[in-house]
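Got your viewer open? Here's a short tour: what to select next, and what you'll find there.

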Amino acid sequence: MLAENHITGVREVIGADVETSKVKKFNRIMEQYPGERTVFVSDTKGDMIESKEVGIDLRLAVTWGWQDPWTVASGNPDFLFDCPQDLWAWFRGFMTAEGKI
């Protein structure tokens with residue numbers, strides 16, 4: 001999905017096939033890439049809360065997925081997206097601003 005939407009500069013995507021604990025995944029990424037900005041995308045309130053607790057830099061929530069939009073939004077994400085096109089556009093703008101494209 002990243003390549004077909006022209007998103008570059010993403011170093012790693014870690015799913016449940018690698019590790020089921022999100023906190024362990026967050027810590028692994030931050031240890032593996034010290035000093036790098038971390039961005040997390042999720043569709044649950046719990047993920048937003050856990051990612052904030054461990055210090056993820058940018059927490060992006062999507063309203064299509066596991067939980068309803070109001071529940072996801074109550075996790076206070078940094079950005080909330082209602083459609084995939086807006087998420088992809090944000091990533092393209094972010095990566096350009098970061099000099100990754």
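Which residue in E2 does Val39 stand opposite? Select Val39 and look across: its opposite number in E2 is Leu58. Keep in mind as you click around that this is a predicted model.

**Stop 1: the E1/E2 pair.** Now widen the selection to strand E1, residues 39-42, together with E2. The two pair in the parallel sense, with four bridges between them. To see how the chain gets from one to the other, add helix H2, residues 45-54: the path leaves E1, goes through H2 and arrives at E2. This β-α-β crossover is right-handed.

**Stop 2: strand E2 alone.** Hide the rest for a moment and select residues 58-62. Are the residues of this strand buried or exposed? Five of the five are buried, so E2 counts as mostly covered. Colour the two sides separately and you get Leu58, Leu60 and Val62 on one, Arg59 and Ala61 on the other. Both faces are covered, and yes, Arg59 is among the buried residues.

**Stop 3: over to E3.** Bring the neighbouring strand back. E2 and E3 run parallel here, joined by three bridges. For a landmark, pick Val62, which stands opposite Phe81 in E3.

**Stop 4: Leu80.** Stay in E3, residues 79-81, and click on Leu80. Why does Leu80 count as partly exposed rather than buried? Its relative accessible area is 39%, and buried would require under 20% while exposed starts over 50%, so Leu80 falls in between. Next, show its contacts, skipping neighbours within four places in sequence: you should find Ala61, Thr63, Val72 and Ala73. Of these, Ala61 will be familiar from E2, where it is one of the buried residues. Then draw a distance from the C-alpha of Leu80 to that of Val41: 9.6 Å, for two residues 39 apart along the chain.

**Last stop: zoom out.** Show everything as a cartoon and count four helices and three strands. Trace them along the sequence and the order reads α-β-α-β-α-β-α. Switch to a surface and the accessible area is about 6300 Å², with 52% of it belonging to carbon and sulfur atoms. Of the 101 residues, 31% count as buried. If you like contact maps, try one here: among contacts between residues at least 6 apart in sequence, 37% join residues at least 24 apart.

Methods. Residues numbered from 1 in each chain as written. Predicted model: local features only at pLDDT ≥ 70, side-chain atom pairs only at ≥ 80, totals over all residues. Heavy atoms only, no water. Buried < 20%, exposed > 50% of the residue type's maximum accessible area, 1.4 Å probe, protein only. Contact = heavy atoms within 4.5 Å. Areas by Shrake-Rupley, 256 points an atom, 1.4 Å probe, with all protein chains shown as cover. Pairing = 2+ DSSP bridges. Right-handed = clockwise from strand over helix to strand, strands pointing away.
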